[in-house]
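Work through the exercises below with the sequence and the model open. Try each task before reading its solution.

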Amino acid sequence: MADSDMTEPGAPMPDDAGASTREGVDSTIGFSREAAAQLSQLDAAVSAEEQEAIAALPSGSALLIVRRGPNSGARFLLDADVTTVGRHPDADIFLDDVTVSRKHAEFLRHRTAFEVKDLGSLNGTYFDGVRIETALLSDGAEVQVGKYRLTFYASRLDLAPVASR
């Protein structure tokens, strides 16, 4: 590509680039629901390394992977009956951001099932985009704590009996 074909980031596009425009008219682009869903799936893509980690989970455990937030890509193992999440340094999952309460939420294990419970946090805990007090987690669900978005993955050994019913 020639230098004349490239536009510097932040520079206005030439008038002949793409659709016709009218002077003084601002416009935005919208996405169909299908396109938005496809973009969402791109964010949720699981790398080969993450797939291996998920496949290696023993029964009664689960994995949280940070998809958005300051430490995107971080993984947290859920293998205890209670796992605390918060900005307090003693939290099992320490999320260091002002959008996270010191004692924000906890993950509760019930045999092979997991539940997330908000602990009265200021900004709330969200399950698949809905603010909750408590919710039973399903594989691939998104949990939001402050600005962090975490995806929940259950042990594949625990999903197998569900799939065979």
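**Exercise 1.** How many residues lie between β1 and β2 in their hairpin, and which residue in the turn has a positive phi?

Solution. This is a predicted model: local features need pLDDT of at least 70, side-chain atom pairs count only at pLDDT 80 or more, and totals for chains, interfaces and linings use all residues. Residues are numbered from 1 along each chain as its sequence is written, and side-chain values use heavy atoms, with hydrogens and water left out.

- Find the strands (DSSP runs of E, at least two residues, numbered from the N terminus). β1 spans 62-68 and β2 spans 75-78.
- Six residues separate β1 and β2 in the hairpin.
- Gly69 in the turn has the positive phi, about 135°.

**Exercise 2.** Identify the strands that pair with β1, and the partners of Leu63.

Solution. Strands pair if DSSP finds at least two bridges between them.

- β1 and β2 are antiparallel, with four bridges. Here Leu63 faces Leu77.
- β1 and β11 also run antiparallel, joined by six bridges. Leu63 bridges to Tyr153 in β11.
- Six of the seven β1 residues are buried (under 20% relative accessible area, 1.4 Å probe, protein chains only). The strand is therefore largely enclosed by the rest of the structure.

**Exercise 3.** Which strand gives the most to the largest nonpolar core?

Solution. A nonpolar core is a set of buried Ala, Val, Leu, Ile, Met, Phe, Trp, Tyr and Cys residues joined through side-chain atoms within 4.5 Å.

- The largest core has 24 residues; Leu64, Val116 and Phe152 are among those touching the most other members.
- β11 gives the most, with four residues.
- A second, separate core of five residues includes Leu63 and Tyr153.

Notes:
Buried means under 20% relative accessible area, exposed over 50%, partly exposed in between (1.4 Å probe, protein chains only).
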